[in-house]
Amino acid sequence: MTEAVELANLTVRFGDFTAVENANLRIQAGEFFSFLGPSGCGKTTILRTISGFIDPTEGAVRIGGQDMRGVGANQRPTALIFQSLALFPMMSVADNVGYGLRVRGVAKALRDRKVDELLNVVALGDQGGKQVDELSGGQRQRVAIARALAVEPQVLLLDEPLSALDLKLRQHMRNELRAIQRRVGITFIYITHDQGEALTMSDRIAVMNQGRIEQVGDGRTVYDAPDTGFVASFVGETNAIPGRITATADGEAALETPLGVLRGRNPQTLPVGTAAQLYVRPEMLLPDPTTPENRLSATVEDHAYEGNLTHLACRAAGLRLTVLLGARDRRAPPASGASIALGFAAGDARVLPVA
Amino acid sequence: MRSSDGHIFVLLLPLLVIAGFALIALVDRRQGRVTGPGFFARNGVGIGLYLLLAVSFWALLVIVLPQLFMVEMAFRPKLPPAATGGPRDVYTLENFRYFLYGSTTSTAAWNVTHLTAFWKTIVASILVTAGNFLLCYPLAFYMAQMAKAARVRLLLLLLIAPYWVNEVLRAFAFRVILGTSGVLNKLLLGAGLIDAPVDFLGLDVGLYAGLSYAYLLLMIFPLYNAIESLDGRLIEAARDLGAPWWRIHKDIVIPFAKPGIASGCTLVFMLTSGALAAPLVLGGPRSLWFTPIVYDRFYQAFNWPQGSAYAFILLLTCVAFVLAVLRLGKLSLGEITR
Ligand SMILES: Nc1ncnc2c1ncn2[C@@H]1O[C@H](COP(=O)(O)OP(=O)(O)OP(=O)(O)O)[C@@H](O)[C@H]1O
Ligand SMILES: [Mg+2]
């Protein structure tokens, strides 16, 4: 596979403030790649650097193997879909979609055909004559996608394109975007701070925090095998139990915690004596455990029934723990104030350095 | 109709128009086309009355009536005070005839001096307006889209500060710079670029420079306002789609700022064609601007009716021209005042 985009030691500073720090990344051609991270972590900055609106302070951006230094935003083989869409209000829908072709001097007849084609791709075939402000939010979204696809970019950059939509439409557009990506086969680089969105849509995800890329991997890796405490707690829900490592063996570590000695995987092979956190997902915390390892007891404080699952908020030795019970679990949920025995397999927990 | 009847008509006309609008508003309300709290309900009786009186005082006494009286006067002959209201005080086109033919009675020859000055004024105003736009657009764009807030404030101050100086003094400053023994000639002579002083004023350089400068702000501000409200992301989006810089201006910025451009150009054109101070101070001996001629009708020839007619002709031509251009640009008057 070839590389569509490569970030090599990329650092971006605004004055004294470092927005992106030493990012290294290879995004494959045809990949649906997501950047996931909290607000202000530098996602937009990375995207704008790739599209050419911000110059790297250090390091390089390569697209299709070529260094993009000195290549203007209007000459890069990328197309950006803005967080605010930035459709041209002074043009009709068709003119918006055809704008990139018009500035490339494509003849009108050819242009019109291409625009029609693209409007059909985004299911707006009959809306070309409308003004932009006559469209619904989802339709405008699709105009923006068609406008970006029209210039046949090697890489499509999408900056939280669905954040302005309501939940229903957002879910619909997710599928649509994924389908469009499969159809046109180009690289999508997608920004979001919604982990569900990143997990469902992406081939791979880069999780960012405060200007650093914390982990890159497919959804399953990022969720099941987080490299850092930040990734563990930002992607999905987790329970963090602080402690100190007392023993290590076979890729596992034993942690002395307020809840007793607990064992988990030790992916970073932290040495004995390190202060660390043990992360275990709520759905891995099982009530009435049969496993002998990692047992603890907690007090149920509250429960919330959500149809397909039940959330239990528990407390043990002053720590809050969240437990998820599946709908298969036919037992009546324990009442508030009741004591509950919990346990988890060592393979389902990760011992990571304190974030 | 005698002139005294004319005065009554002029006084009644605006009142009739106001009454007409009031009637329309009343009918609309009666028939339920307009609902909700009325003007006084919204503003309270005190403020409502004040607004009503202040606006009508301002609009009628300061704007509408003087203009109407001027128009009325344009159609009357120049008479000694004793003859006003007499049998010779009738409506006439003789002032307009004088403008065209240089005589109140004969149509044998064209009034070449005045007609030439008139057309020169219109054409020069168009050129000054266009030049002004070319000068101001880049600056307005820079201030509105590129500069940091502090830089914009500084630039605005630098732009505004010279206008604290009186208009006539500013015009004289151009004389000081551009005169045959002025600063610029001294510099050029000193640098050895020219052998003899250049008569910038005689070449009308001073006039055009002065006129351009006089109304610069009225071009900058509407442009700045219009471009400022343009979302910078649109410019980036166009760039991202491959547009070179000049296409971004042609396709995005200028269409978006069209109302502001029209508004600035209209203001500058109207004021330039009616400018008095700059042409009086900076006009060379051979340049004939139209407004000094109008001025002369009033204060040299003491022919107020003729002066009114001349002013009316200028106003009418300019308004017609502006409306025609707006029409071509598919803009409505309402849009440019947004
Ligand atoms: N032009 C700029 N000048 C100075 N600081 C900036 C500039 N652009 C961004 N920043 C800072 O860089 C950091 C990262 O910004 P960025 O827009 O990349 O965040 P983001 O991850 O896209 O956040 P969000 O999810 O809220 O869009 C922020 O702290 C922001 O304040
Ligand atoms: Mg952002």
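These notebook entries record what I looked up in a predicted model of two chains and a ligand.

**Conventions.** I number residues from 1 along each chain as its sequence is written, letter chains from A and number ligands from 1 in the order in which they are written. For this predicted model, I require pLDDT of at least 70 for local features and 80 or more for side-chain atom pairs, while totals for chains, interfaces and linings use all residues; side-chain values use heavy atoms, with hydrogens and water left out.

**Ligand 1.** I began with the shell, taking a residue as near when one of its heavy atoms lies within 4 Å of the ligand. I found 13 residues around ligand 1, the closest being Ser39(A), Gly40(A), Lys43(A), Thr44(A) and Thr45(A). I then looked up polar contacts, which are pairs of N or O atoms within 3.5 Å; within protein, one atom must be able to donate a hydrogen and the other to accept it, and residues adjacent in sequence count only if both atoms are side-chain atoms. Ser39(A) places a polar side-chain atom 2.5 Å from an oxygen atom of ligand 1. For Lys43(A), I noted 2.8 Å between a side-chain N or O atom and an oxygen atom of ligand 1. Thr44(A) has a polar side-chain atom 2.5 Å from a ligand oxygen atom. On its own, ligand 1 has 640 Å² of accessible area (Shrake-Rupley method, 1.4 Å probe), and the protein covers 60% of that.

I next assigned the shell to DSSP runs (helices, H or I, of at least four residues; strands, E, of at least two; numbered from the N terminus). Strand E2 (17-28) and helix H1 (43-51) of chain A are the elements giving two or more residues. H1(A) gives the largest share, 3 residues.

**Contact between the chains.** I counted 17 residues from chain B and 25 residues from chain A in contact (heavy atoms within 4.5 Å). I took buried area as the accessible area (1.4 Å probe) that two parts lose on being put together, summed over both. Chain B and chain A bury about 1,800 Å² between them, with 60% of it on carbon and sulfur atoms. On the chain B side, Arg239(B), Asp240(B) and Leu241(B) supply 39% of the area buried against chain A, more than any other three residues.

**Domains of chain A.** The assignment, automatic or from a database, gives domain 1 (5-229) and domain 2 (237-353). I noted 38 Å between their C-alpha centres. The contact takes 8 residues from domain 1 of chain A and 6 residues from domain 2 of chain A. These two domains bury about 620 Å² between them, 41% of it on carbon and sulfur atoms. In domain 1 of chain A, Tyr223(A), Pro226(A) and Gly229(A) lose the most area to domain 2, together 65% of what that side buries.

**Domains of chain B.** Here I found domain 1 (3-92) and domain 2 (112-336). Domain 1 and domain 2 of chain B bury about 730 Å² between them, 77% of it on carbon and sulfur atoms.
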